[in-house]
Amino acid sequence: MPGKKAFTLAELLITLAVIGVIAAAAIPIINHKIQEQENVSRLKKTYSTLSNAIQTIIKEEGSPKGEGSWVNSSDSLYQLLIKHLNTAKACGTNRGCFPQNQYKNLNGGIDANNMNDYPGFVLADGVQTAVWAGSSACDLTVWFFQTDSENVCAHIFVDVNGVKG
């Protein structure tokens, strides 16, 4: 039919190939952004859960500072936390909740601590947690996150990804 124009098969295949290359490049970026958003969301939820537990402990036990403090050891803080949290697994002082991996800090740095050196537990949603109580005076300056943190009583380490596989 004279006068009608159409695309040739070769032109269509080239167009599909270009679309495929663009999609192949974009999908990993999109997946990474989705994973990052999920991690941020889980971290916020975990922060809220742990914060609520700490606030309840403060109401029941008083200030974490001073003599008779409930942060005088990692194990005492651990015991109070598991009493107020919904846990799927309590590793306790036997440790072992964290696999031997390198963990990234919030600022992207590598944390050199072995999380199995601290008592830990796994929350019901799969978030792994370890507890380190440093000082009942809450006066430590620590370097855990490659910046100094002052007036620290304890640290609670979390892995929002949990165990994979």
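This is a short walk through a predicted model of one protein chain, from its overall layout down to a few single residues.

Okay, ground rules before we start. Residues are numbered from 1 along each chain as its sequence is written, and side-chain values use heavy atoms, with hydrogens and water left out. Since the model is predicted, local features need pLDDT of at least 70 and side-chain atom pairs count only at pLDDT 80 or more, while totals for chains, interfaces and linings use all residues.

So, the layout. The chain has two helices and eight strands, and along the sequence the pattern reads α-α-β-β-β-β-β-β-β-β. Helices and strands here are DSSP runs, numbered from the N terminus: H or I of at least four residues for a helix, E of at least two for a strand. Of the 165 residues, 30% are buried. By buried I mean under 20% relative accessible area; exposed is over 50%, and partly exposed is in between, with a 1.4 Å probe and protein chains only. The accessible surface comes to about 10800 Å², and carbon and sulfur atoms own 57% of that. Those areas come from Shrake-Rupley with a 1.4 Å probe, and for residues only the protein chains shown count as cover.

One more global number: take the contacts with a separation of 6 or more, and 58% of them join residues 24 or more positions apart. Contact means heavy atoms within 4.5 Å.

On to the sheet. Which order do the strands take? It's an open sheet of four, in the order 1-4-5-8, with antiparallel pairing. Strands count as paired if DSSP finds at least two bridges between them. At the edges sit strand 1 (87-92) and strand 8 (154-159), each pairing on one side only. Neighbouring strands are turned by 20° against each other on average, direction ignored. Strand 5 and strand 8 pair antiparallel over six bridges; if you want to find the register on screen, look for Gln 128 opposite Asp 159 and Trp 132 opposite His 155.

Both helices pack on that sheet. Helix 1 touches strand 4 and strand 8, with its direction at about 145° to that of strand 8. Helix 2 touches strand 1, strand 4, strand 5 and strand 8, and makes about 135° with strand 5. For the angles, axes are lines fitted to C-alpha atoms, for helices over the stretch in contact, and values run from 0 to 180 degrees between N-to-C directions.

Stay on helix 2 for a second. Its buried residues are Ser 74, Leu 77, Tyr 78, Leu 80 and Leu 81, and their cover includes helix 1 as well as strands of the sheet, strand 1 and strand 4 among them.

That brings us to the cores. A nonpolar core is a set of buried Ala, Val, Leu, Ile, Met, Phe, Trp, Tyr and Cys residues joined through side-chain atoms within 4.5 Å. The largest one has 17 residues, and Trp 70, Val 71, Leu 77, Leu 81, Leu 85 and Phe 121 have the most contacts inside it. Helix 1, helix 2 (74-84), strand 4 and strand 5 each give two or more residues to this core. There's also a second, separate core of eleven residues, including Cys 91, Cys 97, Tyr 103 and Tyr 118.

What does Leu 81 touch beyond four places in sequence? Its partners are Ala 53, Ile 54, Ile 57, Phe 121, Val 131 and Ile 156.

Now, Ala 130, in strand 5. Ala 130 is at 0% relative accessibility, so it counts as buried. Beyond four places in sequence, its contacts include Phe 98, Met 115, Tyr 118 and His 155. The C-alpha atoms of Ala 130 and Phe 98 are 8.2 Å apart, with their positions 32 residues apart along the chain.

Strand 8 alternates nicely: His 155, Phe 157 and Asp 159 point to one face and are buried, whereas Ala 154, Ile 156 and Val 158 point to the other and are not. And yes, that's an aspartate on the buried list, with Asp 159 at 11% relative accessible area. Its contacts beyond four places include Phe 98, Tyr 103 and Gln 128.

Last stop, charges. Side chains of opposite charge can pair when their charged atoms come close. How many salt bridges turn up in the whole structure? One, taking a Lys or Arg side-chain nitrogen within 4 Å of an Asp or Glu carboxyl oxygen. It joins Asp 125 and Lys 45, 3.1 Å from N to O. Asp 125 lies in the loop between strand 4 (120-123) and strand 5 (128-133) and Lys 45 in helix 1 (residues 9-61), so the pair ties together parts 80 residues apart in sequence. Both are partly exposed: Asp 125 at 30%, Lys 45 at 48%.
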